[in-house]
Amino acid sequence: MLVAEPTEPIIVSVNGTEHRLEVAGSRSLLSVLRAELGLTGAKYGCGEGECGVCTVLLEGRPVRACTTPISHAHGREVVTIEGLAEQGELHPVQEAFLEAQAFQCGYCTPGMIMEAVALLRQKPRPSELEIREAMSGHLCRCGTYSRIIKAIHLAADAMRR
Ligand code: FES
Ligand code: FES
């Protein structure tokens, strides 16, 4: 016999707005963002934490939303790609991805950008190696890696100015 998982309200701030969610705590953060909150910027790829397309920031740190239970976000702050722009202005990392044309299909782009945002907060002047290491868990099926690295250098320069 299947027994329904008891649900407790999950309180989570997403892009600055607090939500009270009546969902099972074991559901993935990605599933809740996409299906309950309509935030479809974070994508579903492997579903196993291997490709990075679902990356969002949890308390400022990049996490794989596909393998993060929503219960881990209880009482915490989540930022998704939809929450990066401020007052109608794209985040410098978003601008740099556009400038460097660092995407083709764009499927990996939200996850790449969220990881890059976290990197540049920690290391405003990352070396090429540090960028490669930070982005190494992200797969781009279109192979735009060199442009992505260029975009992160551009963003770092822009954010220091
Ligand atoms: S879908 Fe989350 S890491 Fe691939
Ligand atoms: S731009 Fe297509 S997967 Fe990266």
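Biologist: Let's start with helix 2, residues 92-99. Which of its residues are buried?

Modeller: This is a predicted model, so everything here is computed from its coordinates. A residue needs 20 or more other C-beta atoms within 10 Å of its own to count as buried. In helix 2, the residues that pass are P92, V93, Q94, A96 and F97.

Biologist: And what do the buried residues of helix 2 pack against?

Modeller: Take the buried set, which includes V93 and F97. Those residues of helix 2 have their packing partners further along the chain, in two elements: helix 3 (109-122) and helix 5 (145-160).

Biologist: Which residue after helix 2 has a positive phi?

Modeller: Look in the loop between helix 2 and helix 3. Most residues other than glycine have a negative phi. The one with a positive value, near 50 degrees, is not a glycine; the residue is Q101.

Biologist: Is Q101 buried or exposed?

Modeller: The cut-off for exposed is 12 or fewer other C-beta atoms within 10 Å. Q101 has 11, so it counts as exposed.

Biologist: Over to the sheet. In what order do its five strands lie?

Modeller: The sheet is open, with mixed pairing. Its edge strands, each paired on one side only, are strand 2 (17-21) and strand 4 (61-64). Neighbouring strands are turned by 35 degrees against each other on average, ignoring direction. Reading across, the order is 2-1-5-3-4.

Biologist: How many bridges join strand 3 to strand 4?

Modeller: Strand 3 covers residues 55-58, and the two strands run antiparallel. Among the residue pairs, V56 stands opposite V63, and T55 has R64 as its bridge partner. The total joining strand 3 to strand 4 is four bridges.

Biologist: Strand 3 also pairs with strand 5. Which residue of strand 5 is the bridge partner of L57?

Modeller: Strand 3 and strand 5 pair in the antiparallel sense, over two bridges. For L57, the partner in strand 5 is V79.

Biologist: Back to the hairpin of strand 3 and strand 4. Which residue there takes a positive phi?

Modeller: The hairpin has two residues between its strands. The residue in question sits in that loop and isn't a glycine, though its phi is near 55 degrees. With 11 other C-beta atoms within 10 Å, it is exposed. The residue is E59.

Biologist: At what angle does helix 3 run to strand 3?

Modeller: Helix 3 lies across both strand 3 and strand 4. Against strand 3, the angle is about 35 degrees.

Biologist: Now the largest nonpolar core. Which element gives the largest share of it?

Modeller: The core has 45 residues, and those touching the most other members are A42, V56, A65, V93, I113, A116 and A155. Elements giving two or more residues include strand 1 (10-14), helix 1 (29-36), strand 5 (77-79) and helix 4 (128-135). The largest share is seven residues, and it comes from helix 3.

Biologist: A116 is on that list. Which residues does A116 touch, leaving out those up to four places away in sequence?

Modeller: A116 is among the core residues that touch the most other members. With the sequence neighbours set aside, the contacts of A116 are V93, I152 and A155.

Biologist: How many residues of domain 1 are in contact with domain 2?

Modeller: The domain assignment gives domain 1 (10-83) and domain 2 (92-160), with centres 21 Å apart over C-alpha atoms. On the other side of the contact, domain 2 puts in 12 residues. Domain 1 puts in 14 residues.

Biologist: Which strand supplies the largest share of the side of domain 1 that touches domain 2?

Modeller: Strand 3 and strand 4 each supply at least two residues of that side. The largest share is three residues, from strand 3.

Biologist: Last one: what radius of gyration does the chain have?

Modeller: Along its principal axes, the C-alpha trace spans about 55 × 30 × 25 Å, and 39% of the 161 residues count as buried. A compact globule with 161 residues would have a radius of gyration near 15 Å. The chain agrees with that, at 16 Å.

Note on methods: Residues are numbered from 1 along each chain as its sequence is written. Chains are lettered from A and ligands numbered from 1 in the order in which they are written. This is a predicted model: local features need pLDDT of at least 70, side-chain atom pairs count only at pLDDT 80 or more; totals for chains, interfaces and linings use all residues. Two residues are in contact if their C-beta atoms, placed from the backbone, lie within 7 Å. Two strands pair if DSSP finds at least two bridges between them. Axes are lines fitted to C-alpha atoms, for helices over the stretch in contact, and angles run from 0 to 180 degrees between N-to-C directions. A nonpolar core is a set of buried Ala, Val, Leu, Ile, Met, Phe, Trp, Tyr and Cys residues joined through C-beta atoms within 7 Å. The radius of gyration is taken over C-alpha atoms; the globule rule is 2.2 Å times the number of residues to the power 0.38. Domain bounds come from an automatic or database domain assignment.
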